[in-house]
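Got the viewer open and a selection tool at hand? Let's take a walk through this one, stop by stop.

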Amino acid sequence: MRLLSVNLGRAKAVPYTDQPEGVTGIDKRPADGPVRVAVPGSEGFGASGLAGDTVCDTRHHGGDEQAVYAMAREDLDDWERTLGRELPNGAFGENLTTTGLDLTGALIGERWRVGPELLLELTSGRIPCRTFQGHMGEPRWVKRFMEKGAPGAYFRVLEPGEIRAGDPVRIVHRPSHEVTVALQFRAVTTQRELLPRLLAAGGVLHPEALATARKYVAEYGA
């Protein structure tokens with residue numbers, strides 16, 4: 001289990017985003033050397049947790065609960081076969097491209113030690129947006145991505161540190177609940193009846209997903 005690449009993006013003007021200035025940092029490329037990762041600050045103010053990376057639309061992206069986005073190389077390879085095109089590391093706008101890790105089956109609240117210093121905690125799966133659709137240039141991309149249900153995962157930073165391609169990734173904590181990335185993603189996208197099950201993850205779950213689950217239970221019951 002290791003990092004294949006650490007990917008960074010710079011602001012780029014594009015026609016397919018609703019970001020007020022018309023720019024996005026979704027086009028991420030592997031960094032040549034080490035990258036510092038730290039707590040970026042709350043959503044709306046903070047951006048990426050990675051030094052040198054750009055999150056342009058801080059209304060919906062970045063911040064403490066989405067400081068780092070990881071995607072498994074195995075899932076990218078599967079999409080390559082489906083789409084019939086090459087998808088280099090960083091193609092989905094992920095900061096970390098991993099190998100040997102099942103991100104879809106990972107648990108909310110799972111903790112990863114990346115390299116000797118960095119400690120991450122998993123908060124949620126990635127919800128596709130209009131900018132992702134435009135970046136990929138594939139028909140019905142948002143719907144197809146949701147149907148597949150392998151969204152990669154967002155992490156908060158518990159302990160900052162420096163990382164680089166080739167660093168080992170160790171799972172140092174797995175919660176006792178059964179709320180996986182796959183379950184959380186389905187619950188907040190296509191199967192709302194699953195929302196009550198997210199409450200088992202408690203406060204480690206992304207606050208917006210937790211609030212959505214609590215609201216559902218208040219209105220419809222568990």
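Select Asp-53 and Ser-48 together and show their side chains: the two make a polar contact at 2.7 Å. Keep in mind as you look that this is a predicted model. To place yourself along the chain, find β5 (35-37) and β6 (68-72); Asp-53 sits in the loop between them. Is Asp-53 buried or exposed? Its relative accessible area is 11%, under the 20% limit, so Asp-53 is buried. Now bring up what surrounds Asp-53: setting aside neighbours within four places in sequence, it is in contact with Asn-7, Leu-8, Gly-9, Lys-28, Ser-48 and Asn-95.

**Zoom out for a moment**

Switch to a cartoon view of the whole protein. You should be able to count 5 helices and 12 strands. The radius of gyration is 16 Å, close to the 17 Å that the globule rule gives for 222 residues, so the protein is as compact as a globular protein of that length. If you trace the C-alpha atoms along the principal axes, they span about 50 × 40 × 35 Å.

Try a surface next. About 10,000 Å² is exposed, and carbon and sulfur atoms supply 49% of that. Of the 222 residues, 52% count as buried. Colour by charge and you'll find 27 positive and 29 negative side chains, with the centres of the two sets 2 Å apart. As for how the chain meets itself, take the contacts between residues at least 6 apart in sequence: 69% of them join residues at least 24 apart.

**Helix α1 and a backbone nitrogen**

Select Glu-74, which belongs to helix α1 (residues 73-83). Glu-74 is partly exposed, at 35% relative accessibility. Add Gly-100 to the selection: its backbone nitrogen lies 2.8 Å from a polar atom of the Glu-74 side chain. Which other residues does Glu-74 touch, beyond its neighbours within four places in sequence? Along with Gly-100, the contacts are Thr-98, Thr-99 and Leu-101. Draw a C-alpha to C-alpha distance from Glu-74 to Thr-99 and you get 6.7 Å, for a pair 25 residues apart in sequence.

**Out to a loop, then a turn of the backbone**

Pro-15 is the next pick, in the loop between β2 (12-13) and β3 (23-24). Pro-15 has 75% relative accessibility and so counts as exposed. Add His-135: the pair is 120 residues apart in sequence, yet their C-alpha atoms are 9.8 Å apart in space.

From there, go to Arg-140, in the loop between α2 (130-136) and α3. Look at its backbone angles: phi is positive, about 55°, although Arg-140 is not a glycine. Most residues other than glycine have a negative phi. Arg-140 is partly exposed, with a relative accessible area of 49%.

**Into the interior**

Follow the chain to Gly-152, in the loop between α3 and β10. At 1% relative accessibility, Gly-152 is buried. Its contacts, not counting residues up to four places away in sequence, are Tyr-69, Ala-70, Met-71, Leu-103, Ser-124, Gly-125, Arg-126 and Val-181. For a distance check, the C-alpha atoms of Gly-152 and Arg-73 are separated by 10 Å, with their positions 79 residues apart along the chain.

Next select Phe-155, in strand β10. How buried or exposed is Phe-155? Its relative accessibility is 0%, so Phe-155 counts as buried. Show what touches Phe-155, and a crowd appears, including Val-68, Ala-70, Leu-103, Trp-112, Leu-120 and Leu-122. By contrast, try Leu-83: its C-alpha atom is 27 Å from that of Phe-155, and the two are 72 residues apart along the chain.

**Last stop: helix α4**

Select residues 181-188, helix α4, which is mostly covered, with 6 of its 8 residues buried. Those six are Val-181, Ala-182, Leu-183, Gln-184, Phe-185 and Ala-187. What lies over these buried residues? The cover includes β9 (118-125), α3 (141-148), β10 (153-159) and α5 (207-220).

Finish on Gln-184 within that helix. Its relative accessible area is 2%, so Gln-184 is buried. Leaving aside neighbours within four places in sequence, Gln-184 is in contact with Ile-108, Ser-124, Gly-125, Val-179, Leu-198, Leu-205 and Ala-209.

Methods: Residues are numbered from 1 along each chain as its sequence is written. This is a predicted model: local features need pLDDT of at least 70, side-chain atom pairs count only at pLDDT 80 or more; totals for chains, interfaces and linings use all residues. Side-chain values use heavy atoms; hydrogens and water are left out. Helices (H or I, at least four residues) and strands (E, at least two) are DSSP runs, numbered from the N terminus. The radius of gyration is taken over C-alpha atoms; the globule rule is 2.2 Å times the number of residues to the power 0.38. Buried means under 20% relative accessible area, exposed over 50%, partly exposed in between (1.4 Å probe, protein chains only). Contact means heavy atoms within 4.5 Å. Accessible areas come from the Shrake-Rupley method with a 1.4 Å probe; for residues, only the protein chains shown count as cover. Lys and Arg count as positive and Asp and Glu as negative; His and the chain ends are not counted. The place of a charge is taken as NZ of Lys, CZ of Arg, CG of Asp or CD of Glu. A polar contact is a pair of N or O atoms within 3.5 Å; within protein, one must be able to donate a hydrogen and the other to accept it, and residues adjacent in sequence count only if both atoms are side-chain atoms.
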